[in-house]
Amino acid sequence: MSALIPGYSPRIGGEITSHVQALAETEETLPPITVHRPSMRVIDGMHRVRSAILRGRQTIQVRYFDGTEQDAFVLAVRLNVTHGLPLTLAERRRAAARIVVSHAQLSDRAIASLTGLSGKTVGEIRKRTAEGAHQPLARVGRDGRTRPLNTELGRRLAAEYLSANPGGSLREVARVAGISPETVRDVRDKLSRGEDPIPVRQRFSPAAEAAKDRTPPAKDEHQGRRSFGSPATVHRMPTDGRSALAALRKDPSLRFTEAGRVLLRLLDPHIMFADRREQLIKDLPEHTLGMLSRAAQQYAASWSEIAVALEERARQAALNPQSSTGIRIS
C-alpha cells in the first residue's frame with residue numbers, strides 16, 4: 001500500500017467518501033486495482049485503495065500496466081466508464097478533450113468508445129480542443145484499422161491493389177486500402193472506364209501530392225489506360241524489424257490488449273539484440289557457445305511457427321472480413 005501513488009484518475013473531484021465507506025463495509029472480495037508499473041501510480045481503483053486503508057490493510061491485489069503515461073490515462077478512462085462508480089458527463093467530456101490531444105491518431109468513434117460519449121460529441125470536442133494543432137492524415141478506428149481522413153490515399157491504394165489483383169473482391173480490397181467497399185466499387189468502375197480513380201476535388205490536396213510522389217502514374221501500353229502502381233507498392237509495411245515494431249507500438253488495438261502487450265514485450269529484446277548482435281556474440285564465453293547455439297535454434301523454430309500462424313490468420317481474416325474484432329482494453 002505504501003508504494004502506491006494516486007495519479008491517473010479522470011475524476012474531477014477525487015474519491016467520493018460515501019463510496020469509499022460502502023466498499024470498506026462490504027464483505028465481498030473486491031477485484032484487483034490496476035497500477036502503472038513504471039511509476040506505481042494507480043490507474044483504476046483509488047476507491048478500493050481508500051477502503052483498504054480504512055480497514056487497516058497493508059497490501060492490496062494489483063494488476064500491472066506497462067504502457068506509457070498517456071496510455072495509462074486512456075486505460076483509466078476506459079475502466080472507469082465500464083465498471084465501478086460511473087464517471088459524470090463532465091468528467092467524460094474532460095477526458096475526451098485530453099485524449100484527442102494525446103492520441104490524435106484515434107478516430108472520433110474510437111475515442112467515443114473509450115469515454116462513453118457519442119462520436120459526434122467527440123468530434124465537436126476535437127474541433128474546439130485541437131484547433132490549430134497538427135492532425136494526422138489518417139486515424140485509427142475502433143477496429144484497430146488505420147483509415148485516411150482524405151480517402152484519396154485509400155483510393156490510390158485500392159487502384160494499385162486492383163492493378164495487381166484484378167479479381168480481388170470489394171471487401172478484400174477495402175480491407176487492404178482502409179476504405180469502404182462502396183468506395184472500392186467506385187474506384188474499380190473508374191478504372192474500367194479508363195478514368196482517374198481520384199475525384200477532382202481530391203487530386204491537388206497535400207495528401208494527394210505526397211501519394212503521387214511515391215507512386216507516379218504510368219501508361220499501360222496494353223490497355224491504353226493509366227496504371228496506378230505496381231504490386232511492389234501495394235503493401236507499405238516497414239521491412240526492418242525496428243521500424244515494424246515502432247509502427248506496431250502505435251496501434252491501440254495492440255497497446256490496450258493483454259495479448260498485444262505481451263507480444264510487443266517479447267519482440268523488444270529481439271530488436272535490442274539485433275542492434276548489438278556482433279559485439280554480443282564476440283563477448284560471449286566460449287564454453288557456452290554450443291548450448292547457446294542450440295537454444296537460439298529452438299527459439300528461432302518457435303518464432304518461425306508463430307510467423308506461419310500469424311500469416312495463416314491474416315489470410316483467413318482477408319477471406320472473412322466479418323471476423324474482425326474491435327478495440328478491447330484489458
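Which strands does helix α3 (residues 69–82) lie across? In this predicted model, α3 lies across β2, β3 and β4, and the helix runs at about 40° to β3. To place that arrangement, it helps to begin with the chain as a whole and then take the sheet strand by strand.

The protein chain contains 15 helices and 8 strands. Of its 330 residues, 34% count as buried. Among contacts in the chain with a separation of 6 or more, 67% are between residues 24 or more positions apart. The chain exposes about 19,800 Å², and carbon and sulfur atoms supply 54% of that area.

The sheet under α3 comes next. Strands of a sheet pair through backbone hydrogen bonds, either parallel or antiparallel. Here an open sheet of 4 strands has the order β1-β3-β2-β4, and its pairing is mixed. Its edge strands are β1 (5–6) and β4, each of which pairs on one side only. Starting from the β1 edge, β1 and β3 pair in the parallel sense over 2 bridges. Within that pair, Ile-5 has Arg-41 of β3 as its bridge partner.

Strand β3 (residues 41–44) also pairs with β2, this time in the antiparallel sense and over 3 bridges. Arg-41 appears again here, as the β3 bridge partner of His-36. The two strands β2 and β3 form a hairpin with 4 residues between them, and Met-40 in the turn has a positive phi of about 65°. On its other pairing, β2 meets strand β4 (residues 62–65) in the parallel sense over 4 bridges. Ile-33 has Val-62 as its bridge partner in β4, while Thr-34 stands opposite Arg-63 of that strand.

Are the residues of strand β2 (residues 33–36) buried or exposed? Ile-33 and Val-35 point one way from the strand, Thr-34 and His-36 point the other way, and all are buried. The helices α2 and α3 both lie across β2. Helix α2 lies across β1, β2 and β3, and runs at about 120° to β3.

Helix α2 (46–54) is also part of what covers the buried residues of α1. In helix α1 (residues 17–25) those buried residues are Val-20, Leu-23 and Ala-24. They lie on the same side of α1 because they cover an arc of only 100° around the axis. An α-helix has 3.6 residues a turn, so residues three or four places apart point the same way. Ser-18 and Glu-25 are exposed, on the face of α1 turned away from its buried side.

Further along the chain, helix α8 (residues 170–177) can be read in a similar manner. Its buried residues are Leu-170, Val-173, Ala-174 and Ala-177. These cover an arc of only 105° around the axis, which puts them on the same side of α8. Just after α8 comes Gly-178, with a positive phi of about 75°.

Helix α3 has a further role in the packing around α5. In helix α5 (residues 108–115), the residues Ala-110, Ile-111, Ala-112, Leu-114 and Thr-115 are buried. What covers them includes α3, α4 (89–102), α6 and β5 (138–140). Gly-116 follows α5 and has a positive phi, near 75°.

One of the elements covering α5 is α6, and a residue of α6 makes a polar contact with a residue of α5. Arg-126 is located in helix α6 (residues 119–129). Which residue's side chain is joined to that of Arg-126 by a polar contact of 2.7 Å? The partner is Asp-108, a position that falls within α5 (residues 108–115). A polar atom of the Arg-126 side chain also lies 3.3 Å from the backbone oxygen of Ala-104. Arg-126 counts as buried because its relative accessible area is 6%, and the cut-off for that label is under 20%.

Technical notes:
Residues numbered from 1 in each chain as written. Predicted model: local features only at pLDDT ≥ 70, side-chain atom pairs only at ≥ 80, totals over all residues. Heavy atoms only, no water. Buried < 20%, exposed > 50% of the residue type's maximum accessible area, 1.4 Å probe, protein only. Polar contact = N/O pair within 3.5 Å; in protein donor to acceptor, adjacent residues only side chain to side chain. Pairing = 2+ DSSP bridges. Arc of directions from axis to C-beta. Contact = heavy atoms within 4.5 Å. Axes fitted to C-alpha atoms, helices over the stretch in contact; angles between N-to-C directions. Areas by Shrake-Rupley, 256 points an atom, 1.4 Å probe, with all protein chains shown as cover.
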